[in-house]
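Subject: Structure handover

Hello,

Here is the structure for you to look over. My notes on it follow below.

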Amino acid sequence: MERIQAADYHDIAKPGDPRLSPDGERVAFVRTVPDGDEEYESTVYVVPADGSDDARRLTLEEGNDAEPRFSPDGDRLAFTSTRGKEDDTQQLWLLPLAGGEAEQVTDVVGGVSNVEWSPDGSRIAFTQSVTDDDRDADRDLEVPDEYESEEPDPRVIDRTVYRSAEHYFDGKRSQVYVLDVDDGDVTRVTDGDHDHMSPTWGDESTLYFAADKVGDDPDDDLRYDIVAYDTDTGEAEDVHRSSGWGAALAAAGDRIAYLYTAEEQASIQPTELHVYDRETGETYDVTETLDRTLGFEAHPQWGPDGETLYFTTPDRGATALWSAPGDASEPPAKEYRGGEISGGHVGESAAVLAKSEWDHPGDVFVLTGEDAVGDEEQRLTELNADYLDDVEVREPEALHFESDQGDVDGWVLTPPGFDEDGDEQYPLAVEVHGGPHAMWTTSGTMWHEFQTLAARGYVVFWSNPRGSTGYGEQFMQAIERDWGDVTLTDVQAGAETVAARDYVDESNVFLTGGSFGGFMTSWTVGQTDYYRAAVSQRGVYDFTGFYGSTDSAYKLVEGDYDTTPWEEPEFLWEQSPVAHADGVTTPTLVIHSDQDYRTPANTAELFHRILRKQGVDTRMVRYPREGHELSRSGEPAHIVDRIERIVRWFDGYSEYHDAERALDRPENDGLSAGDDEDGEESDADGNGDDAGGDRSGDE
């Protein structure tokens, strides 16, 4: 068997957004795979729900497709695609499933997302992001052939939050529209200088959506209104108010399910599922008895009976699928738990899931039985069968350990050829997750990185320290006003527990993490010299600089720390890694993205400069065109390069790898991006040695 490499990322396909047809006979989903160094290919596939045949491609390999949605009668499939669009805006397409070509049915300036069929199949609601000028010129209804968009020069900022992810808003607001399927006309439903989200149909003529228009400054207010729009009369009515990080509505007649997060210190509050009944005026807390926060991977949905809600939560290192009556008359019931679920859909006779597990990076599964979510699970796809047949995938060991604060869950992954009874020792790589209120599993987006590090000869350890979701409200809130030391207590306890094993060399322990994990990496090296080298990725290094430059994530400071920079400047400074950077001795690589507007690069630059002023081995690597999602959805070549640079940095300080420090090697030596002195492609293992660099590894 071959060993997994960073460059294998180019070969890994992942499923997303599975949808069961109304008759329950087939499942549509999006298959995404890297296409070259900079792009991905995303196409719609369909597979029989009974597993009687392989999945087949339904749409052309042109552009990127998303959001496959069966019409209520199952005759057509709506999806969005960038096909034929030079500016990569998603447009709405309809594909007749009895045969025929897909037809583009919108050409709007802001792109199409959040696609929802009306119950009678006559209309499709969607959102797009447009400017006032776009609406005034009706470009949000149809784009003139000669139109070319231009970026503002200069940008004039009149908002508290004016950018997110890797994009500036540039005056755009998310608005709701309705397409008449028969005549192709697009109707503008919303207007105004605020965002509208999550359109969902209550019945054939009632469309609900969320409007972010509450307060003197909606950017600074987590409250939003739920609006009912009558498509026959064109009248809109505010029917309810909620608060939270993002609206995810699901309607059944007069009952509207929605996510709710309490406003006070919202970032450390659980997200709950509520239902508002327009007819009775009652509000129900569906998850009141459930000590879990809702997951955002699969939005809540009403089941086919119109009475039961389905939703997911993180749950002790896995994803759980729950059901609950919409009137909260019974507590939620756990219907399923396993792997990391990235999407799901419940139909009349079955439920379909897109999920990854320790032994594969993602496939589509179906749950059948007597109820809509049965206990019989069947795997419908094997998207990476050929690849997985050729590489050695290691199974993580679940580890439950004690810190001074109590129980913690973690996992240990050993290298190929590992013999627990042997005498060989290995270096240890410790990974810390982001969030901070997130949860790791044995799979998900980190599957490839963990397996690559193990294949490079490292024992890999990761955990869910305090602050993580999936373990209850008290566990999540344990890091209030102290991200650093509370988390470090748990992470360090786990690292030392693993390092104490005979096969781990405690003098060769390495550390990395991204986002909050980057914060923790930089915080840790400022508190201890336990780690031989570290890689800090897209972190928060200075809370005041972060507060002023991030997008809506400044609410993490107000929520988790219950303060602001002008109220407690000295306290926030002491809680920042840069305040302790003058004591760092650990060689530390700093990785960041140029267009990361969640954790902007200014605080990383400060941390890196302090390390240089202190004479610490350090380097900063910056990725152009990338935002905060680099490790999950960045350009394929950048994702590969990032993993290779982590390995190369560790190898340079490891006693188990015959490699020079990265600082002593040519800039791209040992990376997929580099060439050797003879102009041939270099050994892209990031190592440069024979023992670790042989891909064939051990049988």
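Two strands count as paired if DSSP finds at least two bridges between them. Keep that in mind for the sheets below. Also note that this is a predicted model.

**An open sheet**

In β26, W322 has K334 as its bridge partner. W322 belongs to a longer pairing: strand β25 (residues 319-325) and β26 run antiparallel, with 4 bridges. Both strands sit in an open sheet of 4 strands, ordered β23-β24-β25-β26, and its pairing is antiparallel. Which strands stand at the edges? They are β23 (301-302) and β26 (333-337). Each has a single partner strand, so one side of each is left without a neighbour in the sheet.

**Strand β32 and its partners**

Now to β32 (residues 406-413). Of its 8 residues, 7 are buried, so the strand is largely enclosed by the rest of the structure. It pairs with β31 (residues 397-403) through 7 bridges, in the antiparallel sense. β31 and β32 make a hairpin, with 2 residues between them. Within that pairing, L399 stands opposite G410 in β32. β32 is also joined to β34 (residues 459-464), by 5 bridges, again antiparallel. There, D409 faces N464 in β34.

**Cores**

Next, the nonpolar cores. The largest has 53 residues. Which residues have the most contacts inside it? They are L428, V430, F519 and F543. Helix α5 (residues 483-499) gives this core its largest share, 8 residues. A separate core of 25 residues lies apart from it, with V460, W462, I646 and V647 among its members.

F519 deserves its own entry. Leaving out residues up to four places away in sequence, F519 touches W483, G484, G539, V540, F543, Y561, Q575 and P577. F519 is also one of the buried residues of helix α6. Is α6 (residues 516-525) mostly covered or mostly open? Mostly covered: 10 of its 10 residues are buried. Among them are F516, M520, W523 and V525, along with the polar-sounding entries T521, S522 and T524.

**Cavities**

Rolling a probe the size of a water molecule over the atoms shows where empty space is left. How many cavities of 30 Å³ or more does the structure hold? There are 7. The largest has a volume of about 100 Å³. Its lining has 15 residues, and Y9, K14, T445, H448 and E449 lie nearest its centre. By class, the lining splits into 7 nonpolar, 4 polar and 4 charged residues. Three helices, α3 (447-455), α11 (630-633) and α12 (636-651), each supply at least two residues of that lining.

**S129**

One last site. S129 is in strand β10 (residues 123-130). Its relative accessibility is 32%, so S129 counts as partly exposed. S129 and S174 are 45 residues apart in sequence, yet their C-alpha atoms are 4.1 Å apart in space. S174 is also among the contacts of S129. The others listed are G110, K172 and R173, again not counting residues up to four places away in sequence.

Best regards

Methods
Residues numbered from 1 in each chain as written. Predicted model: local features only at pLDDT ≥ 70, side-chain atom pairs only at ≥ 80, totals over all residues. Heavy atoms only, no water. Core = buried A, V, L, I, M, F, W, Y, C linked by side-chain atoms within 4.5 Å. Buried < 20%, exposed > 50% of the residue type's maximum accessible area, 1.4 Å probe, protein only. Contact = heavy atoms within 4.5 Å. 1 Å grid on protein atoms, 1.4 Å probe; cavity = no way out; pocket = protein on both sides within 12 Å on 5 of 7 lines; lining within 4 Å. Points joined across faces, edges and corners; volume = space filled by probe spheres on them. Nonpolar A, V, L, I, M, F, W, Y, C, P; charged D, E, K, R; others polar.
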